[in-house]
Amino acid sequence: MKKTTLILTVIICLVAGYALGNFFPLNIFARSQLSSQFNLPILEDKGIQGDARLEVILKMDDGRPLNNVEVDVAEEPGPPPIGGVAISDDNGLAVFDIKSGNYFIFFNDNNFPKNVKNPEAQAVEVKAGEVNQKIIILTIQ
């Protein structure tokens, strides 16, 4: 009887631990570490990552590209989800591989160039199988 009770208790604890680990959020790094250590199938948040491509081009009003700027994309302005952050390259290009849908393009105030006017969030519709491109013209403050 005691052995059966012990076995049932262990099984209940394992099932409860598995359920808690999969349905209550831990940070992604901790979840992936647990999964690799114990070979558990843990669901990961993929954010807005997908197979539709969005290209955001940042240009100054004189035509120069604006590089090394964090560009954020999300369903609404705020902290960007996984897949919603890119840095503009030397051509002012920031590329996102995200799901089809309606998004906003916006910028992080903390690391936006101080001499450039931070524009309002810009709406964009992203469709799979199309070139989704948004050019944002920026001005000096």
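1. Two residues are in contact when heavy atoms of each lie within 4.5 Å. Leaving aside neighbours within four places in sequence, Ser88 is in contact with Leu58, Leu66, Asn67, Asn68, Val69, Leu93 and Ala94. Ser88 is found in the loop between strand 3 (85–87) and strand 4. Helices (H or I, at least four residues) and strands (E, at least two) are DSSP runs, numbered from the N terminus. Ser88 has a relative accessibility of 4% and therefore counts as buried; buried means under 20% relative accessible area, exposed over 50%, and partly exposed in between (1.4 Å probe, protein chains only).

2. A remark on the basis of this note is in order. This is a predicted model, in which local features need pLDDT of at least 70 and side-chain atom pairs count only at pLDDT 80 or more, while totals for chains, interfaces and linings use all residues. Residues are numbered from 1 along each chain as its sequence is written, and side-chain values use heavy atoms, with hydrogens and water left out.

3. Strands of a sheet pair through backbone hydrogen bonds, either parallel or antiparallel. Two strands count as paired here if DSSP finds at least two bridges between them. One open sheet consists of three strands in the order 4-1-7, and its pairing is mixed. Strand 4 and strand 7 (132–138) are the edge strands, each pairing on one side only. From one strand to the next, the twist averages 20°; for such angles, axes are lines fitted to C-alpha atoms, for helices over the stretch in contact, and angles run from 0 to 180 degrees between N-to-C directions. Strand 1 and strand 7 run parallel and are joined by seven bridges. Glu55 stands opposite Gln133 of strand 7.

4. How many of the residues of strand 2 are buried? Five of the five are, so strand 2 is largely enclosed by the rest of the structure. Glu70, Asp72 and Ala74 point one way from this strand, whereas Val71 and Val73 point the other way. Strand 2 runs antiparallel to strand 3, with three bridges between them, and Asp72 has Val85 as its bridge partner in strand 3. Strand 2 also runs antiparallel to strand 5, to which four bridges join it. Within strand 5, Phe107 is the bridge partner of Val71.

5. A nonpolar core is a set of buried Ala, Val, Leu, Ile, Met, Phe, Trp, Tyr and Cys residues joined through side-chain atoms within 4.5 Å. The largest such core has 23 residues, and Leu54, Val56, Leu58 and Phe96 touch the most other members. Two or more residues are given to this core by each of strand 1, strand 2 (70–74), strand 4, strand 5 (101–107), strand 6 (122–126) and strand 7. Strand 1 supplies the largest share, five residues. Not counting residues up to four places away in sequence, Leu58 touches ten residues by name: Arg64, Pro65, Leu66, Val69, Val71, Ser88, Gly92, Phe107, Ile136 and Leu138.

6. Phe107 also takes part in the one aromatic pair that the structure holds. The ring centres of Phe107 and Phe112 are 5.1 Å apart and their planes are at 55°, so the pair is tilted. Rings of Phe, Tyr and Trp (its six-membered ring) pair if their centres lie within 6.5 Å; planes under 30 degrees apart count as stacked, over 60 as edge-to-face and the rest as tilted. Phe107 is buried, its relative accessible area being 7%, and Phe112 counts as buried at 5%.

7. The structure holds two salt bridges, a salt bridge being a side-chain nitrogen of Lys or Arg within 4 Å of a carboxyl oxygen of Asp or Glu. Which partner does Arg53 have? Arg53 forms a salt bridge with Asp97, and the closest N and O atoms are 3.0 Å apart. This pair links distant parts of the chain, since Arg53 lies in strand 1 (residues 49–60) and Asp97 in strand 4 (residues 93–98), 44 residues apart. Arg53 is partly exposed at 39% relative accessibility, as is Asp97 at 37%. The salt bridge between Asp62 and Arg64 has its closest N and O atoms 2.8 Å apart. Asp62 is partly exposed, at 48%, and Arg64 is partly exposed, at 45%.

8. Most residues other than glycine have a negative phi. Asn68, however, has a positive phi, near 60°. Asn68 lies in the loop between strand 1 and strand 2 and is exposed, with a relative accessible area of 61%.
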